[in-house]
Amino acid sequence: MQISGKCSSPVTAAGANIVSYLGIRVGTEGLHGVKQLQGIVLIHPFFWGEEPIGCEANRPEQAKKIHDLWRFACPSASGSDDPIVNPGKDPKVGNLACGRLLLCVAEKDLVRDRGLYYKELLDKNGWYGVVEVVEAKDEDHVFHLFKPNCENAQVLLNQIVSFLKQD
């Protein structure tokens, strides 16, 4: 993440959770004089929660693995409803310190609906910025890392570059 305030570097999966959380903290507390980031790119954020939403209820075995992974990764956290994992539990989510957000999701990704719900959360919590949602059809979580030369990965990269070039 670029702390200068110009723009956040694109981050994938759990890294997107961290950038979201830090963006909310910057908006709430400031950071060494930075009060606003120009934009944030979240690629396939790994948001989760105790209560299933969207397709999670139809894929219980995969959902359990994600729940268990978060419990392992953050044993001192309050489980899958910790605000880093579930921004819906963060009362300050509307303080996200940027005016633009590129939210990238993949159609077959189990956490896709959580990513889309993040946009709803920002809207419901008074965030003033603009969200651009990009969905990769027929793809799964972090497909661009496993198939960087596929057409959908190239399209995703071009959309990210275009977003970053905007003023």
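**Exercise 1. Compare the radius of gyration of the protein chain with the globule rule.**

Step 1. The radius of gyration is taken over C-alpha atoms, and the globule rule is 2.2 Å times the number of residues to the power 0.38.
Step 2. For 167 residues, a compact globule would have a radius of gyration near 15 Å.
Step 3. The protein chain has 15 Å, which agrees with the rule.
Step 4. Along the principal axes, the C-alpha trace spans about 45 × 40 × 25 Å.

The model is predicted: local features need pLDDT of at least 70, side-chain atom pairs count only at pLDDT 80 or more, and totals for chains, interfaces and linings use all residues. Residues are numbered from 1 along each chain as its sequence is written, and side-chain values use heavy atoms, with hydrogens and water left out.

**Exercise 2. Give the order of helices and strands in the protein chain.**

Step 1. Helices (H or I, at least four residues) and strands (E, at least two) are DSSP runs, numbered from the N terminus.
Step 2. The protein chain holds five helices and four strands.
Step 3. Their order along the sequence is β-α-β-α-β-α-β-α-α.
Step 4. Contact means heavy atoms within 4.5 Å; among contacts between residues at least 6 apart in sequence, 77% join residues at least 24 apart.

**Exercise 3. Place Trp127 in the chain and decide whether Trp127 is buried or exposed.**

Step 1. Trp127 lies in the loop between helix 3 (112-124) and strand 4 (130-136).
Step 2. Buried means under 20% relative accessible area, exposed over 50%, and partly exposed in between (1.4 Å probe, protein chains only).
Step 3. Trp127 has 7% relative accessibility and therefore counts as buried.
Step 4. Leaving aside residues up to four places away in sequence, Trp127 touches Gly94, Leu96, Cys98, Gly99, Arg100, Leu101 and Leu122.
Step 5. In the whole protein chain, 44% of the 167 residues count as buried.

**Exercise 4. Classify the aromatic pair of Trp127 and Tyr128.**

Step 1. Rings of Phe, Tyr and Trp (its six-membered ring) pair if their centres lie within 6.5 Å; planes under 30 degrees apart count as stacked, over 60 as edge-to-face and the rest as tilted.
Step 2. By this rule there are three aromatic pairs.
Step 3. The rings of Trp127 and Tyr128 are 6.0 Å apart centre to centre, with 40° between the planes, and the pair is tilted.

**Exercise 5. Describe the setting of Gly30.**

Step 1. Gly30 sits in the loop between helix 1 (14-29) and strand 2 (37-43).
Step 2. Its relative accessible area is 23%, so Gly30 is partly exposed.
Step 3. Gly30 and Ala97 are 67 residues apart in sequence, and their C-alpha atoms are 8.7 Å apart in space.
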